[in-house]
Amino acid sequence: MEAGTGASAGGGAAPVRTHWRTRLSVYLNTNGRRLVLGVPYLWLLLFFLLPFAIVLKISFAEFAIGVPPYSDLLELTQDGYFRLTLALSNYAYLFDDPQYVIAYTNSLRIAAVSTAFALLVGFPMAYGIAKAPKGPRTILLFLVVLPFWTSFLIRVYAWIGILKSNGLLNNLLISLGIIDDPLVILGSDWGVYIGIVYSYLPFMVLPLYATLEKLDPSLLEAAHDLGCRPWKAFLTITLPLALPGIVAGSMLVFIPAVGEFVIPELLGGADTFMIGRVLWNEFFLNRDWPVASAVAMAMLILLVAPIMIFQHIQAKQADGEGAGR
Amino acid sequence: MPSTFLRALTGFAVGALFAGQAFAAEEKVLNVYNWSDYIAEDTLAKFEAETGIKVNYDVYDSNELLESKLLAGHSGYDIVVPTDHTFSRLIAAGILQKLDKSKIPNFANLDPTLMDRAANYDPGNDHGIIYMWGTNGLGINVDKVKEVLGEDAPLDSYALLFDPKYADKLATCGIHVLDSASEVFPVARNYLGLDANSESDEDLEKATELWMGVRSDIQKFHSSEFINALANGDICMAFGFSGDILQAKGRAEEAGNGVNIEYIIPKEGSLVWFDMMGIPADAPHPENAQAFINFILDPQITADISNYVWYANANIKSTALVVEDVRNNPGVYPSAEVMSKLFIQKTATPKYERLRTRSWNKVKTGI
């Protein structure tokens, strides 16, 4: 592509004149591609980078009473200078007080455990759907997506009725004689795990399904013919080939789960202390937008590492596919 | 939450649309943001029938939430009801507009003594009216508490909440506490014999210690769930707002479930507060808001609200219209002796607020 651009740019001086139609097609080929690529970049600029810049800006401001409740970074001094004031204290604050570190580690732990459970539940589901005959498969896929048709908030709320001490689950278990005293699930970390696994399961199942569906069954047949046991075939063939789906699904569950606020608030207890609650406290109780923004920035930095790993694996995967063709 | 956001957004969009037409009549819409469980069932319907103004009604359960929305700007609300200490800070930040008293003839119905008290927060009473006022105290399920603690339990004291001797036992049947950093520390300091409004680190630490001593006994920190929990008999004690606890009592009586709730203003003294109805400076429908305030100040309307929500009002002409159950209830209209022990909450400095939030978080999470 680069070579093409070079040829068209230096077209005038070239000894052999290229036909105008070829030049137009080369032009469109390079710039058309740019145009198509420009749309997602514009999207990214508008809905990610711009808000990111605003949050970054607020994180360096100082708390003030007013609308909005923070100071300006730039001010014009009387002798005609622009003065830029950056308050680093908001970030220093995050290290001063152990609650931020505790909340971050809690968030990472809860997100990681939930992701593991989502994978355990989601993989057999995706596998089953991928192996199902075409007719039922469409229905099964539809069923995975169906919960999105009701509000997320209502679905999480419904779990309160299921999990509470005199709720559906406990009443069922007690009436079956499995337990004598109700299990305390609502108001504990387990409530949060269940809520996250339930809410984010489709994000795990769909990418897994996409990779498992592409899996060539003849590979497994060959393994079988060569005397490989099903379990070993699964471990050495299915699992490695499904890895991109596992990584994609896990990231899609893990990343939003870290910043989750609604689920721990409704299903967790007072000591389920995640970063979402910290943000709420800073924003709504202290009305301290600068510190709230600093917390958000720190969370973003914390999430960059897993996203980079994800990108890396995806890029490798894309390379591998390219080479295969 | 999403619907609130959307509504606020629409309110803003509509507001922006109409701001351009200064002479056009105001659209027949009013966006009210009030405390949860804080109005009579028929108040809004009556207002709509009388004026033809459509009311969008949203609720919150903490001053902090209200203040955050207003500080963000363009909340889209026309009527807000912050508590006194928050009210005065909103005035200082220029977030509330002055009332046009010529459009509120019923302003004259307000009790001058109580309005003088409110003037501590709003000199000249320029920015708001007292909507309702009340106290913080203990709501107890009398039978259960006596069953757990025995007949000679001090049912008139904050010791029920702050003394682990009692709280540890009451934990077995459930204790709920308001989730409001601003309201939990003044009563704790007062119980310890300290100045309720002290902002000293040392006093805050002592109050935090007091709460830490009973934190594991508290089942839930929440500012509105305790109403149903008390009424259903799910819990046996709550630290909450007077009227909310009396509403729980009413609901239990209505349900006939044998749950017997009492509201107690402990003998150590407690918080008294005024909820002030005002109009945000950027309200899209200020004319309708004035009309609404005037309507609320109608003696019968005010009395209807007091009768329903079990809070005292500041409308002199309405007192006779308030039913006896409410009017003669010492939990709603405390005796002069009890009144003398009640204390107000002063407006806090931001520095202290941050410490307060942090300390309360420590109580709630143990971190």
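These questions and answers concern a predicted model.

Reader: Is chain A a compact globule or more spread out than one?
Author: The secondary structure of chain A comes to 13 helices and two strands. For its 325 residues the globule rule gives 20 Å, whereas the radius of gyration is 27 Å, well over that value, so chain A is more spread out than a compact globule.

Reader: How far apart are the mean positions of the positive and negative charges of chain A?
Author: Chain A has 20 positive and 21 negative charges. Their mean positions lie apart by 16 Å.

Reader: Is Arg137(A), which meets Glu213(A) in a salt bridge, buried or exposed?
Author: The N to O distance in this salt bridge is 3.9 Å. The pair links distant parts of the chain, with Arg137(A) in helix H5 and Glu213(A) in helix H8, 76 residues apart. Glu213(A) is partly exposed at 38% relative accessibility. Buried means under 20% relative accessible area, and Arg137(A) has 17%, so Arg137(A) is buried.

Reader: Which residue meets Lys364(B) in a salt bridge, and where is that residue?
Author: Lys364(B) lies in helix H17 of chain B, and its partner is 185 residues apart from it in the chain. Lys364(B) is buried at 6% relative accessibility, while the partner, at 27%, is partly exposed. The N to O distance is 3.0 Å. The partner, in the loop between strand E5 and helix H9 of chain B, is Asp179(B).

Reader: Which residues are linked with Arg287(A) in a network of salt bridges?
Author: Over all chains the count comes to 24 salt bridges. The network holds Arg287(A) of chain A together with residues of chain B. Those residues are Glu67(B), Arg89(B), Glu353(B) and Arg356(B).

Terms used
Residues are numbered from 1 along each chain as its sequence is written. Chains are lettered from A and ligands numbered from 1 in the order in which they are written. This is a predicted model: local features need pLDDT of at least 70, side-chain atom pairs count only at pLDDT 80 or more; totals for chains, interfaces and linings use all residues. Side-chain values use heavy atoms; hydrogens and water are left out. Helices (H or I, at least four residues) and strands (E, at least two) are DSSP runs, numbered from the N terminus. The radius of gyration is taken over C-alpha atoms; the globule rule is 2.2 Å times the number of residues to the power 0.38. Lys and Arg count as positive and Asp and Glu as negative; His and the chain ends are not counted. The place of a charge is taken as NZ of Lys, CZ of Arg, CG of Asp or CD of Glu. A salt bridge is a side-chain nitrogen of Lys or Arg within 4 Å of a carboxyl oxygen of Asp or Glu. Buried means under 20% relative accessible area, exposed over 50%, partly exposed in between (1.4 Å probe, protein chains only).
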